[in-house]
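The exercises below ask you to read a single protein chain step by step, from its overall make-up down to individual residues. Please work each task against the coordinates before turning to its solution.

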Amino acid sequence: MIEELLKLSPTAQLKYLKGEEFASLEREKRIEFLKEFALCGQCSSKCLASALKILRELRFRDRVFYKRFLENPDSSVIMACKKALSDRSCDLGFVPMREMVKRQNNEKKLQTVKLIVSETGQAGEDLLLSFLAEDNIRVRELVVKELSGRPQLDEGKLLAQLGHSIWFTRAAIVEVLGNRRSRLLLGKAEELLADSNVEVRLQLLIALSKLEREQVKDLLFKLTRDPHVRVSKEARRIVSTI
C-alpha cells in the first residue's frame with residue numbers, strides 16, 4: 001500500500017491522506033500506515049508534516065517516534081513534531097477535565113472549552129464528543145464547528161452515541177455528520193425520521209439536504225409528511241428544488 005502511494009505525486013499523496021477513503025480505515029491501521037509512510041524516507045516534507053499532524057490528531061503519543069524528525073531541515077516538519085510533543089490533551093486526563101468543566105458556570109465553561117480547542121489544537125476526540133452533552137448551546141456550537149472541520153474523525157463513534165443521548169446531543173451529532181456530508185447518516189435516517197424531538201428531525205432535514213439529492217430523495221419526501229409544520233414546510237421547499 002505504501003509503495004502504491006509513493007508512486008503518486010506529492011499533491012495526490014496529500015489528497016489521499018486527507019480523503020474519505022483513508023479516513024474510513026480503522027484507527028490502528030491508519031496509525032501503522034502513517035508511521036511506515038513517515039519513516040520510509042521517500043515522501044516530501046509537506047507530506048511528512050501532514051502525516052505527523054494526522055498522527056497527532058489520531059492521539060498517537062509515542063514521543064520517541066516524533067523526536068526522530070526534530071532534526072529535519074524543513075520547518076513545517078519540525079513544527080508538526082513540536083506540536084505533537086507539546087500536545088497535553090491526553091495528559092490532562094479525560095475524567096478530571098470533564099469533571100472540571102461540569103462544575104463551572106456557563107460563561108466560564110465556554111471559555112474553558114475554547115481554551116481546550118485553541119491551545120491543544122486538536123483536543124482529545126472523546127473529550128470533545130462529551131461536550132456535545134453540555135446543556136449550553138454556545139458550547140455545543142463551538143464543538144460542532146470543531147468536529148465538523150476535523151480532517152480525521154471517528155464518525156462511527158459519533159453515530160453510536162445517538163441511541164443513548166439527550167435530544168440536543170442527538171441534534172448536534174446529526175448536525176456534525178451533515179456538515180461532514182457523512183454517508184453513515186443514511187444508515188440511521190429511518191430511525192431519525194421517527195425521533196420524538198422536532199429539533200432532531202429538523203436537523204436531519206438540513207443534514208440530508210447537504211447530501212446527493214438522488215440518494216436522499218425518498219427520505220426528503222417522507223419528511224414532507226412530518227407532523228410538525230416547521231419540518232414539513234421546509235421539506236416541501238427542499239423537495240421543490242429537486
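Axes are lines fitted to C-alpha atoms, for helices over the stretch in contact, and angles run from 0 to 180 degrees between N-to-C directions. The model treated here is a predicted one.

**Exercise 1. Establish how α16 and α18 are arranged relative to each other, and which residues meet between them.**

Solution. Begin with the geometry: the axes of helix α16 (residues 198–208) and helix α18 (residues 229–239) come within 10 Å and cross at roughly 5 degrees. Angles under 35 degrees count as roughly parallel, and α16 and α18 are therefore roughly parallel to each other. Next, list the residues in contact: on the α16 side they are V198, E199, R201, L202 and L205, and on the α18 side R230, V231, E234, A235 and I238. Finally, sort this contact by class, which gives six nonpolar residues, four charged residues and no polar ones.

**Exercise 2. Decide how far α16 is enclosed, and identify what covers its buried residues.**

Solution. The cut-off needed here is that a residue is buried under 20% relative accessible area. By that criterion the buried residues of α16 are V198, V200, R201, L202, Q203, L204, L205, A207 and L208. Since nine of the 11 residues of α16 are buried, the helix is largely enclosed by the rest of the structure. The cover over these buried residues includes α14, α15 (189–193), α17 (213–223) and α18. The N-terminal end of α16 is capped by N197, a side-chain oxygen of which lies 2.8 Å from the backbone nitrogen of E199.

**Exercise 3. Describe the setting of S165: where does it lie, is it buried or exposed, and what does its side chain reach?**

Solution. Locate the residue first: S165 belongs to the loop between α13 (155–160) and α14 (167–179). Its relative accessibility is 15%, so S165 counts as buried. The side chain of S165 then reaches the backbone oxygen of Q161, at a distance of 2.5 Å. If residues up to four places away in sequence are left aside, S165 touches R170 and I173.

**Exercise 4. Examine two residues in the loop between α14 and α15, namely L184 and R181.**

Solution. L184 is placed in the loop between α14 and α15, and at 39% relative accessibility it counts as partly exposed. Although L184 and E155 are 29 residues apart in sequence, their C-alpha atoms are 7.7 Å apart in space. Leaving out residues up to four places away in sequence, the contacts of L184 are with E155, G156 and L159. R181 also lies in the loop between α14 and α15, and at 47% relative accessibility R181 counts as partly exposed. The backbone of R181 has a phi near 55 degrees, which is a positive value in a residue other than glycine. Most residues other than glycine have a negative phi.

**Exercise 5. Find the location of R59 and state the sign of its phi.**

Solution. R59 is found in the loop between α5 (45–57) and α6 (63–67). Its phi is near 65 degrees, a positive value for a residue that is not glycine. With a relative accessibility of 23%, R59 counts as partly exposed.

**Exercise 6. Which residues do S50 and V77 touch, once residues up to four places away in sequence are set aside?**

Solution. S50 sits in helix α5 and, at 10% relative accessibility, counts as buried; the residues that S50 touches, with that exclusion, are L14 and K18. V77 is in helix α7 (residues 75–86), and its relative accessibility of 0% means that V77 counts as buried. With the same exclusion, V77 touches S45, L48, A49, L52, F69 and N72. For one of these partners the separation can be stated: the C-alpha atoms of V77 and L48, which are 29 residues apart along the chain, are separated by 6.6 Å.

**Exercise 7. Summarise the chain as a whole by its secondary structure, burial, contacts and surface.**

Solution. The secondary structure consists of 18 helices and zero strands. Of the 242 residues, 49% count as buried. Among contacts between residues at least 6 apart in sequence, 63% join residues at least 24 apart. The chain exposes about 12,900 Å², of which carbon and sulfur atoms supply 52%.

Conventions: Residues are numbered from 1 along each chain as its sequence is written. This is a predicted model: local features need pLDDT of at least 70, side-chain atom pairs count only at pLDDT 80 or more; totals for chains, interfaces and linings use all residues. Side-chain values use heavy atoms; hydrogens and water are left out. Helices (H or I, at least four residues) and strands (E, at least two) are DSSP runs, numbered from the N terminus. Buried means under 20% relative accessible area, exposed over 50%, partly exposed in between (1.4 Å probe, protein chains only). A polar contact is a pair of N or O atoms within 3.5 Å; within protein, one must be able to donate a hydrogen and the other to accept it, and residues adjacent in sequence count only if both atoms are side-chain atoms. Contact means heavy atoms within 4.5 Å. Accessible areas come from the Shrake-Rupley method with a 1.4 Å probe; for residues, only the protein chains shown count as cover. Angles under 35 degrees count as roughly parallel, over 145 as roughly antiparallel, 65 to 115 as roughly perpendicular and the rest as oblique. Ala, Val, Leu, Ile, Met, Phe, Trp, Tyr, Cys and Pro count as nonpolar, Asp, Glu, Lys and Arg as charged, and the others, Gly among them, as polar.
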